[in-house]
Amino acid sequence: MAHETPEPATEAAADHANEHGLHPLGVYFKIWILLFVLSACSYYVDWAGFEGFTRWTLIVIFMFLKAGFIVAVFMHMMWERMLLILAILAPPLLLIGLVGIMVLESEYTFWTRVIFFGLFEG
Amino acid sequence: MTDHAETEGVDGIHGVKTLVSDLSTDQEAFKQVHWGKVMMWIFLLSDTFVFSCFLTSYMTMRSSTTIPWPNTSEVFSLTVFGTSVPLLLIAIMTFILITSSGTMALAVNYGYRRDRRKTFFLMLATALLGASFVGMQAFEWTKLIEEGVRPWGNHFGAPQFGASFFMITGFHGLHVSIGVIYLLTIAFKVLKGDYEKKGNYEVVEIAGLYWHFVDLVWVFIFAFFYLW
């Protein structure tokens with residue numbers, strides 16, 4: 001949370017330009033094309049009719065690649081200081097725990113429904 | 001300023017050094033970062049958890065239901081020239097959102113170059129692409145509602161499908177709509193020259209963070225809800 005002490009306007013602008021503005025535009029175009037290709041790939045997974053483990057693995061790989069490129073380049077995360085990177089990217093790791101708990105819970109609910117209510121149609 | 005020597009980067013030991021010195025100086029921790037940017041990131045982090053709750057509850061419903069889940073490939077297919085193309089509209093929406101993310105990234109860049117006209121037009125393009133995304137979503141909702149999908153049931157399969165669909169895509173659509181208004185506001189302020197006095201175009205980047213986040217969430221919705 002810098003910039004509380006007033007700086008001369010031009011100096012501040014030059015500072016910002018050095019920090020961010022001078023990433024060559026080419027980086028964005030490359031990532032843009034890459035995101036298009038990755039989206040086309042994940043759409044192809046459905047088009048080609050992959051099923052089961054292959055399907056889920058491919059979907060997750062393409063998803064994380066896309067998310068990673070958006071966060072790293074478009075959101076400038078790779079040029080931030082490590083403290084900000086950790087403060088933002090570490091907390092979501094807790095979600096692994098939530099997902100794990102809910103997978104167990106849903107298995108339990110599923111078998112409760114099947115065994116005690118005889119509701120299986122699939 | 002010695003701080004300038006140890007600037008940004010993820011390069012291992014050096015990064016850890018900046019981490020320790022940032023946290024141990026008994027003052028502000030997020031150095032050389034605009035306060036608005038930190039606040040936006042923290043907001044986006046909290047929003048990540050909101051969307052994660054939706055997606056996790058969707059996962060829980062889908063894996064605990066005893067009725068087969070509707071085949072999204074068929075539910076979301078469009079008939080073009082007599083042939084049914086699976087997920088066509090969703091694919092178009094995905095490409096539109098990625099395109100808008102690209103124009104936004106360029107807008108941020110031109111903002112820092114202090115090219116107000118280009119920044120304005122790129123942000124305007126981003127907002128228009130966003131608005132067309134919302135339009136397509138409205139079309140998709142109408143189609144599904146006409147086919148009888150309701151939050152409490154549908155004839156394709158598990159009744160929880162409707163609840164998940166309307167909740168997740170609705171909340172995402174709300175984010176896109178708010179983003180369009182937000183981007184237009186900032187774009188017109190850029191054009192007017194409101195940020196010239198301070199020469200501070202971080203506002204464009206902060207708006208960009210929000211917009212890229214909307215795209216980011218769609219990546220997960222596309223993978224988990226539509227493709228899974």
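## Ground rules

Two residues count as being in contact here if their C-beta atoms, placed from the backbone, lie within 7 Å. Keep in mind that this is a predicted model.

## One helix against another

With that in hand, look at α5 of chain A, residues 94-117, and α2 of chain B, residues 35-64: their axes come within 8 Å and cross at roughly 25 degrees. Angles under 35 degrees count as roughly parallel, and α5(A) and α2(B) are therefore roughly parallel to each other. The crossing of α5(A) past α2(B) is right-handed.

Who touches whom? On the α5(A) side it's Leu95(A), Leu98(A), Val99(A), Met102(A), Val103(A), Glu105(A), Ser106(A), Thr109(A) and Phe110(A), and they meet Ser52(B), Thr56(B), Met59(B), Thr60(B), Ser63(B) and Ser64(B) of α2(B). Sort the residues of this contact by type and you get seven nonpolar, seven polar and one charged.

## Zooming out to the interface

Across the two chains, 59 residues of chain A are in contact with 57 residues of chain B. On the chain B side, α1 (12-23), α2, α4 (88-112) and α7 (202-227) each put in at least two residues. Helix α2(B) gives the largest share of that side, with 11 residues.

As for chemistry, the side of chain B that touches chain A splits into 29 nonpolar, 19 polar and nine charged residues.

## Chain A by itself

Chain A has five helices and zero strands, so to speak an α-α-α-α-α run from the N terminus on. Of its 122 residues, 20% count as buried.

Terms used: Residues are numbered from 1 along each chain as its sequence is written. Chains are lettered from A and ligands numbered from 1 in the order in which they are written. This is a predicted model: local features need pLDDT of at least 70, side-chain atom pairs count only at pLDDT 80 or more; totals for chains, interfaces and linings use all residues. Axes are lines fitted to C-alpha atoms, for helices over the stretch in contact, and angles run from 0 to 180 degrees between N-to-C directions. Helices (H or I, at least four residues) and strands (E, at least two) are DSSP runs, numbered from the N terminus. Angles under 35 degrees count as roughly parallel, over 145 as roughly antiparallel, 65 to 115 as roughly perpendicular and the rest as oblique. A crossing is left-handed if the near helix is turned anticlockwise from the far one by less than a right angle, and right-handed if clockwise. Ala, Val, Leu, Ile, Met, Phe, Trp, Tyr, Cys and Pro count as nonpolar, Asp, Glu, Lys and Arg as charged, and the others, Gly among them, as polar. A residue is buried if 20 or more other C-beta atoms lie within 10 Å of its own, exposed if 12 or fewer, and partly exposed in between; C-beta atoms are placed from the backbone.
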